[in-house]
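Trainee: I would like to look closely at one part of this model, the central sheet and in particular one of its hairpins, and then see how the surroundings fit around it. Could you take me through it slowly?

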Amino acid sequence: MQLQDLSPQEFKKAVKSFTTLVGVDYGVKRIGLAVSDLMWVIATPLKIVSSLEDIEKSLGGREIGGFVIGLPKLMNGQEGEQALLTRKFGERLFKRFNLPILYWDERLSSSAVTRIFTEQADLTRKRQKELLDKAAAAYILQGSLDLLSKIS
């Protein structure tokens, strides 16, 4: 298999049924992880890690079907420096796991999660920072799961 930009339709065809999808919110210092259930309905925050080795350890025992990586596009839809770093990380992730990858436009995902934290969860800033990356990964993954459920 070769890494390529897949549409959601192509991604769904490439992923084995009844496997877990992994949502990834990539950052240079921290990587937020989330996982789906086997029916691809619910995304659950998993963990914050710092390396590919940590990802592999965190996913041990799960049958992984593919990865959904948040792609931080600029507000005008262009890809900037952070998107380039994210794509390089995606290449390393692909080489390690050899599984399909769906890049998901993550514009405003962190701000949406932060808004939920402050308006609905009433969390302190310190607690928000501790949870943000894995919650953002779940937000990214849930968006893709919602779309994938509409594709036949």
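Which residue in β2 is the bridge partner of Val24?

Mentor: The bridge partner of Val24 in β2 is Leu33. Before building on that, please keep in mind that this is a predicted model, in which local features need pLDDT of at least 70 and side-chain atom pairs count only at pLDDT 80 or more, whereas totals for chains, interfaces and linings use all residues. Residues are numbered from 1 along each chain as its sequence is written, and side-chain values use heavy atoms, with hydrogens and water left out.

The hairpin itself joins β1 to β2 through four residues, and the two strands run antiparallel with five bridges between them. Strands here are DSSP runs of E with at least two residues, while helices are runs of H or I with at least four, and both are numbered from the N terminus; two strands count as paired if DSSP finds at least two bridges between them. On its other pairing, β2 meets β3 through six bridges, again in an antiparallel arrangement, and within β3 the bridge partner of Ile31 is Val49. The hairpin of β2 and β3 has six residues between its strands, and among them Trp40 takes a positive phi near 60 degrees.

Looking at the whole sheet, its five strands follow the order β3-β2-β1-β4-β5, and the sheet is open with mixed pairing. Its edges are β3 (43-49) and β5 (101-105), each of which pairs on one side only, and the average twist from one strand to the next is 25 degrees. The parallel part of the mixture includes β4 (residues 64-71) and β5, which are joined by five bridges, with Val68 having Leu102 in β5 as its bridge partner.

Returning to β2, six of its six residues are buried, where buried means under 20% relative accessible area, exposed means over 50%, and partly exposed is in between (1.4 Å probe, protein chains only). The cover is found on both faces, with Ile31, Leu33 and Val35 buried on one side and Gly32, Ala34 and Ser36 buried on the other. One element that lies across this strand is helix α3 (residues 81-97), which also lies across β1 (20-26), β4 and β5 and runs at about 170 degrees to β4; such angles run from 0 to 180 degrees between N-to-C directions, with axes fitted to C-alpha atoms and, for helices, over the stretch in contact.

The loop between β2 and β3 offers a contrast, for Val41 is found there and is partly exposed, with a relative accessible area of 47%. Phe18, Leu38, Met39, Val41 and Ile42 form a nonpolar surface patch, with about 530 Å² of accessible area together. Such patches are made of residues with over 30% relative accessible area and no salt bridge, like charges being joined within 9 Å and nonpolar side chains (Val, Leu, Ile, Met, Phe, Trp, Tyr) within 5 Å. The areas come from the Shrake-Rupley method with a 1.4 Å probe, and for residues only the protein chains shown count as cover.

Beyond the edge strand β5, Glu106 has its place in the loop that leads to α4 (109-121), and Glu106 is buried, at a relative accessible area of 13%. Leaving aside neighbours within four places in sequence, Glu106 is in contact (heavy atoms within 4.5 Å) with Asp25, Gly70, Leu71, Pro72 and Ile140.

Finally, the structure holds five salt bridges, each a side-chain nitrogen of Lys or Arg within 4 Å of a carboxyl oxygen of Asp or Glu. In one of them Glu63 meets Lys16, with the closest N and O atoms 2.7 Å apart; Glu63 lies in the loop between α2 (52-58) and β4 and Lys16 in the loop between α1 (8-14) and β1, so this pair ties together parts that are 47 residues apart in sequence. Glu63 is partly exposed at 44% relative accessibility, whereas Lys16 is exposed at 52%. Helix α3 takes part as well, for Arg96 and Glu56 meet in a salt bridge of 2.8 Å, N to O, and since Arg96 lies in helix α3 and Glu56 in helix α2, the pair ties together parts 40 residues apart in sequence. The side chain of Arg96 also forms a salt bridge with Glu53, at 3.3 Å from N to O.
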